[in-house]
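User: I am new to this structure. Could you take me through it?

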Amino acid sequence: ELRAGDLGEGAQGAGVVGPAAAGELPRTAVTDALRLLRDAVERGVPVLLGYVGTDGTAAERVVDPVEVRGGWLTAYDHRYEQVRTFAVHRISGVALLDPTVESAP
């Protein structure tokens, strides 16, 4: 969880591409989320993912997208250190993280 937090720390400043650099993960339309996730798969970059669980609880995860297909995202979840699947309709926001930019201490 600490390592995932370190990666996600970039979402509050350096390392984030787009509006999330301002501090809060924006809501993302499904078509935009799919575009960003496919871009992340092609480029091999991690994303900050807003996700609403089956119990209605919202969470943010740092994941490395592997595949987007059939309404599902397959990604390596840094928090749980394993590959997991996420239902695309439950994704509330996506921000690309740039692993080449160091976060401020």
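Analyst: The following turns go through the fold, the cores and two single residues. This is a predicted model, in which local features need pLDDT of at least 70, side-chain atom pairs count only at pLDDT 80 or more, and totals for chains, interfaces and linings use all residues. Residues are numbered from 1 along each chain as its sequence is written, and side-chain values use heavy atoms, with hydrogens and water left out.

User: How many helices and strands are there in the protein chain?

Analyst: The protein chain has 2 helices and 6 strands. Helices (H or I, at least four residues) and strands (E, at least two) are DSSP runs, numbered from the N terminus. Starting from that end, the order is α-β-α-β-β-β-β-β.

User: What share of the residues is buried?

Analyst: Of the 105 residues in the protein chain, 39% are buried. Buried means under 20% relative accessible area, exposed over 50%, and partly exposed in between, with a 1.4 Å probe and protein chains only.

User: Which residues of the largest nonpolar core touch the most other members?

Analyst: That core has 19 residues, and Leu-37, Val-47, Leu-49, Leu-73, Phe-86, Ile-91 and Val-94 touch the most other members. A nonpolar core is a set of buried Ala, Val, Leu, Ile, Met, Phe, Trp, Tyr and Cys residues joined through side-chain atoms within 4.5 Å.

User: And which element gives the most to it?

Analyst: Elements giving two or more residues include α2 (30–43), β2 (47–52) and β6 (91–97). Helix α2 gives the most, with 5 residues. A second, separate core has 5 residues, among them Leu-25, Leu-48, Ala-95 and Leu-97.

User: What is Val-94 in contact with?

Analyst: Leaving aside neighbours within four places in sequence, the contacts of Val-94 include Leu-25, Ala-33, Leu-37, Val-47 and Leu-49. Contact means heavy atoms within 4.5 Å.

User: New topic: where is Ser-92, and is it buried or exposed?

Analyst: Ser-92 lies in strand β6 and is buried, with a relative accessible area of 16%. Apart from neighbours within four places in sequence, Ser-92 is in contact with Pro-26, Arg-27, Thr-28, Gly-50, Tyr-51 and Val-52.

User: What about the phi of Glu-81?

Analyst: Glu-81 has a positive phi of about 55 degrees although it is not a glycine. Most residues other than glycine have a negative phi. Glu-81 sits in the loop between β4 and β5 and is partly exposed, with a relative accessible area of 44%.
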